[in-house]
Amino acid sequence: MSKNRLKSRHKNTSGAWEMRVLKIKCPDCDSWATIKKTNRKHREIADIYCQCNDVECGHTFVMNLTFSHTLSPSAKTGQFLKQTIINMTDPEQLKQIALDLLEASAAA
């Protein structure tokens with residue numbers, strides 16, 4: 001089980017790196033809660049174990065974090081696919097494809 005907190009790095013206005021932590025509210029008292037453990041079930045699904053920071057409440061609970069949808073696709077995806085195809089292709093076949101492309105562009 002992974003015990004990592006969900007964090008992302010961002011530069012602040014002074015140029016230094018700061019860590020942003022996922023903020024969780026207690027469902028009982030609406031105070032801030034601390035993530036104690038993250039249990040990844042799948043690449044896109046995780047259970048987040050939380051504890052309320054209000055000592056009078058003390059509620060411990062589990063929340064589910066799931067991937068919903070993409071707003072802007074990753075720029076890495078296309079490059080990864082191209083590299084995988086090149087790595088799987090025979091070098092002689094790649095040379096022939098390159099020659100065919102050069103000939104086609106010269107003819108145009």
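Biologist: In what order do the four strands of the open sheet lie, and is their pairing parallel or antiparallel?

Modeller: A word on the model before we start. This is a predicted model, where local features need pLDDT of at least 70 and side-chain atom pairs count only at pLDDT 80 or more, while totals for chains, interfaces and linings use all residues. Residues are numbered from 1 along each chain as its sequence is written, and side-chain values use heavy atoms, with hydrogens and water left out. Now the idea: strands (E, at least two residues) and helices (H or I, at least four) are DSSP runs numbered from the N terminus, and two strands pair if DSSP finds at least two bridges between them. In this structure the order is β3-β4-β5-β6, with antiparallel pairing.

Biologist: Which strands stand at the edges of that sheet?

Modeller: β3 (24-25) and β6 (60-66) do; each has a single partner strand, so one side of each has no neighbour in the sheet.

Biologist: Where does the sheet fit in the chain, and what pattern does the chain follow along the sequence?

Modeller: The protein chain has two helices and six strands, in the pattern β-β-β-β-β-β-α-α.

Biologist: How many bridges hold β3 to β4, and which residues are partners?

Modeller: β3 and β4 (residues 32-42) pair in the antiparallel sense over two bridges. K25 has W32 as its bridge partner in β4, and I24 stands opposite A33. Six residues lie between the strands of this hairpin.

Biologist: Which residue in that hairpin takes a positive phi?

Modeller: Look at D30, in the loop between β3 and β4. Its phi is near 70 degrees, a positive value in a residue other than glycine. D30 is also exposed, at a relative accessible area of 51%.

Biologist: How many bridges join β4 to β5, and how many residues lie between these strands?

Modeller: Eight bridges join the antiparallel strands β4 and β5, with two residues between them in the hairpin. One facing pair to find on screen is I35 and C50, the latter in β5.

Biologist: Is D47 buried or exposed?

Modeller: The scale runs on relative accessible area: buried is under 20%, exposed is over 50%, and partly exposed is in between (1.4 Å probe, protein chains only). D47 lies in β5 (residues 45-52) and is buried because its relative accessible area is 9%. For the whole chain, 13% of the 108 residues count as buried.

Biologist: What does D47 touch?

Modeller: Contact means heavy atoms within 4.5 Å. Leaving aside residues up to four places away in sequence, D47 touches K37, T38, N39, K41, V62, M63 and N64. Across the protein chain, residues 24 or more positions apart account for 26% of the contacts with a separation of 6 or more.

Biologist: How many salt bridges does the structure hold?

Modeller: Side chains of opposite charge can pair when their charged atoms come close. The test here is a side-chain nitrogen of Lys or Arg within 4 Å of a carboxyl oxygen of Asp or Glu. The structure holds two salt bridges. One joins D47 and K41, whose closest N and O atoms are 3.1 Å apart; K41, at 56% relative accessibility, counts as exposed, whereas D47 counts as buried.

Biologist: Which residues meet in the other salt bridge?

Modeller: E92 and K95 do, at 3.5 Å from N to O. They are separated by about one helical turn because they are three residues apart in helix α2. Both E92 and K95 are exposed.

Biologist: Which residues form the nonpolar patch on the surface?

Modeller: Such patches take residues with over 30% relative accessible area and no salt bridge; nonpolar side chains (Val, Leu, Ile, Met, Phe, Trp, Tyr) are joined within 5 Å, and like charges within 9 Å. Here I86, L94, I97 and L101 form the patch, with about 340 Å² of accessible area together (Shrake-Rupley method, 1.4 Å probe; for residues, only the protein chains shown count as cover).

Biologist: Which helix gives the most to the nonpolar patch?

Modeller: Helix α2 (residues 91-107) does, with three residues. L94 is in α2 and is partly exposed, with a relative accessible area of 30%. As a backdrop, the protein chain exposes about 9100 Å², of which carbon and sulfur atoms supply 55%.
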